Amino acid sequence: MSLSAALRSSNLLVSWKSTGRFQQTIAACVELSGKGLHSGKLSTVRICPELAGKGRFFDSHSISIPASIDFVQHSPLSTSLFKDGVRIRTVEHLLSTLEAIGVDNCRIQIHNHSDSHDYDVEVPILDGSARQWAEAIEKVGLTAAADEHGQNCEKLAPYLNEPVYVWKNDAFVAAFPSPKVQITYGIDFPQAPTIGRQWVFVTPLEDSCYVKQISSSRTFCLFEEAEYMRERGLIKGGSLDNAIVCSATNGWLNPPLHFYDEPCRHKVLDLIGDLSLFARFGNQGLPVAHIVAYKGSCRSFLNIYGNIRNSNRENVI
């Protein structure tokens, strides 16, 4: 059975169908350096072209870690991958960009500046958004990926056949069959009236939507919670240069925002990064579905895919 046929028959909830396009890779290497949001360590990431069918994977200390749900390690406030003693932290912004722009196959080399023997590395936070990743990739461009025999490979996408959902209290993530990828996302921060309740609807894979409407939205936090997070060993590299910070009483501490609903748009950015982890063999990770999320989390997004892969119909966050 061919790879394409195996994917198409792998799950009753999902049908793998051709996108009508070839798998792509980056046309030339790009490299960016910066500080990790949680570790505070300086690191460099180099994204390189890769063969069709290889997918996206990290390369650190001679360990190859596929950007796959199979290697996700739970960590608070970010998404991490772990294999054979190597951990890659805060991968969601980079993977979000690669998935949305269409870098289906690439090798992502990463290392810390201060300690070449450090097996715990973190993708740079940059300005808190995916803008610099998107700009660097668009500068060098994409090209059709070829396999080891020099052949191009069709790109498949997972089409959802039945609704699935996960929930806990008033938070939920659901996905419904749809002819195209659509995302509706809602957040609610009653403790910070300046943020309040926000909703965003986007079609992230169409008409440069991701680059124009999502990629420049920055991560955000509440000023009153920042010290608590630092005490837990988080956001050691956080600053007003790589996040937008909101005070419950004084509003935004570092305006202006890129969008009036920038926090909600950033949640869409994170969602795309987490759902990209369903990608296999250089095919699309984002399900062709209408995804509706309200106060969702990384764990809930990954549980959605756990349900799809295991053919469950419902679960909890």
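**Exercise 1. Is Cys-106 buried or exposed, and which cysteine sulfur is closest to that of Cys-106?**

*Solution.* The model is predicted, so local features need pLDDT of at least 70 and side-chain atom pairs count only at pLDDT 80 or more, while totals for chains, interfaces and linings use all residues. Residues are numbered from 1 along each chain as its sequence is written, and side-chain values use heavy atoms, with hydrogens and water left out.

Step 1. Buried means under 20% relative accessible area, exposed over 50%, and partly exposed in between (1.4 Å probe, protein chains only). Cys-106 has a relative accessible area of 0% and is buried.

Step 2. A disulfide is a pair of cysteine sulfur atoms within 2.5 Å. The closest cysteine sulfur to that of Cys-106 belongs to Cys-48, and at 8.7 Å it is too far for a bond.

Step 3. Cys-246 is likewise in no disulfide: the nearest cysteine sulfur, in Cys-221, lies 9.2 Å away. Across the whole structure, the search finds zero disulfides.

**Exercise 2. Describe the surroundings of strand 16.**

*Solution.* Helices (H or I, at least four residues) and strands (E, at least two) are DSSP runs, numbered from the N terminus. Two strands pair if DSSP finds at least two bridges between them.

Step 1. Strand 16 covers residues 182-189, and eight of its eight residues are buried. Gln-182, Thr-184, Gly-186 and Asp-188 point one way, whereas Ile-183, Tyr-185, Ile-187 and Phe-189 point the other way.

Step 2. Five bridges pair strand 16 with strand 21 (residues 289-294) in the parallel sense; here Ile-183 has Ile-291 as its bridge partner.

Step 3. Strand 17 (residues 196-202) runs antiparallel to strand 16, with seven bridges between them. Tyr-185 stands opposite Val-200, and a hairpin of six residues joins the two strands.

**Exercise 3. Which residues touch the most other members of the largest nonpolar core?**

*Solution.* A nonpolar core is a set of buried Ala, Val, Leu, Ile, Met, Phe, Trp, Tyr and Cys residues joined through side-chain atoms within 4.5 Å.

Step 1. The largest core has 41 residues, and Ile-195, Val-268 and Ile-291 touch the most other members. Helix 6 (residues 262-275) gives the most to this core, with six residues.

Step 2. Contact means heavy atoms within 4.5 Å. Beyond its neighbours within four places in sequence, Ile-195 is in contact with residues including Ile-187, Phe-189, Cys-246 and Trp-252.

Step 3. Cys-246 also stands opposite Trp-252 of strand 20; strand 19 (residues 244-247) and strand 20 run antiparallel, joined by two bridges.
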